[in-house]
Amino acid sequence: MLIAGFPAGAWGTNCYLVAPAAGEECVIIDPGHQAAQGVEETLKKHRLKPVAVVLTHGHIDHVASVVPVCGAHDVPAWIHPADRYMMSDPEKALGRSIGMPLMGELTVGEPDDVHELTDGAKLSLAGLELSVAHAPGHTKGSVTFQMPEAADIPSVFFSGDLLFAGSVGRTDLPGGDHAEMLESLARVCLPLDDSTVVLSGHGPQTTIGRERASNPYLRDVAACLGSFDAPRRGM
């Protein structure tokens, strides 16, 4: 298994390229702000051929490079229908202007081919199986992707802005909902095995076991408590 990730753009959003091995087809997860060059460099380094872009949610820091990346390689993008409008109207998704200088660097809009994600879907792409879980809270259309355990490789969980190392995504932007965030954490994250590797939308790699033990949000959800005071990250 090959997973190559890098933080991109003004928000340091993690973009991941996932393939069975070097020299094979791959899936690109969350090509955000200023990610196109990093995507091309990673494709060349590992001799990868992209077959799809999949998106954990529609915020501009996760989708800003979707149009150029999909266009350059003639591949589709996958997104939950509740967040699809954000690709064409990023300012509405944030409830404020993100700034004219930054807007001038973005290609706003949809790629030519867009597929919609549904809860419980199984995506078979590039020789990989990605299980989709709808996980609203950060946005109405937030999803996560999980790859099953294989041989000596633990399960991998692409959490987007649902779960971070030590924190969770913010819920104060349009479409955010604190109660939905807690429900998603309980329903999507808590059942996962402790060995599951968490690759989130921002920040370092972690595991479900580590977060179950130390993340105040996940710990308190598990204990049915209501104290959620850790700082939040992400857009």
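**Exercise 1.** In this predicted model, determine how Glu183 and Arg187 are placed relative to each other in helix 6, and what interaction joins the two residues.

*Solution.* Begin with the positions: Glu183 and Arg187 are four residues apart in helix 6 (residues 178-189), and therefore about one helical turn separates them. Next, take the closest N and O atoms of the pair, which lie 2.9 Å apart, so that the contact falls within the 4 Å limit for a salt bridge. Finally, consider the surroundings: Glu183 is partly exposed at a relative accessible area of 39%, and Arg187 is likewise partly exposed, at 35%.

**Exercise 2.** Find which parts of the chain are linked by the salt bridge between Glu116 and Arg84, and which network includes these two residues.

*Solution.* First, the two side chains meet with an N to O distance of 3.1 Å. The pair links distant parts of the chain, since Glu116 belongs to strand 6 (residues 114-116), whereas Arg84 sits in the loop between strand 5 (77-79) and helix 4 (90-94), 32 residues apart. Glu116 counts as partly exposed at 40% relative accessibility, as does Arg84 at 26%. Lastly, salt bridges with shared partners join Arg84, Glu110 and Glu116 into one network.

**Exercise 3.** Decide whether Val27 is buried or exposed, and identify its contacts.

*Solution.* Locate Val27 in strand 3 (residues 25-29). Its relative accessibility is 1%, and because buried means under 20%, Val27 counts as buried. Leaving aside residues up to four places away in sequence, Val27 touches several residues, among them Tyr16, Val51, Leu125 and Leu130.

How values were computed
Residues numbered from 1 in each chain as written. Predicted model: local features only at pLDDT ≥ 70, side-chain atom pairs only at ≥ 80, totals over all residues. Heavy atoms only, no water. Helix = DSSP H or I, 4+ residues; strand = E, 2+ residues; numbered from the N terminus. Buried < 20%, exposed > 50% of the residue type's maximum accessible area, 1.4 Å probe, protein only. Contact = heavy atoms within 4.5 Å.
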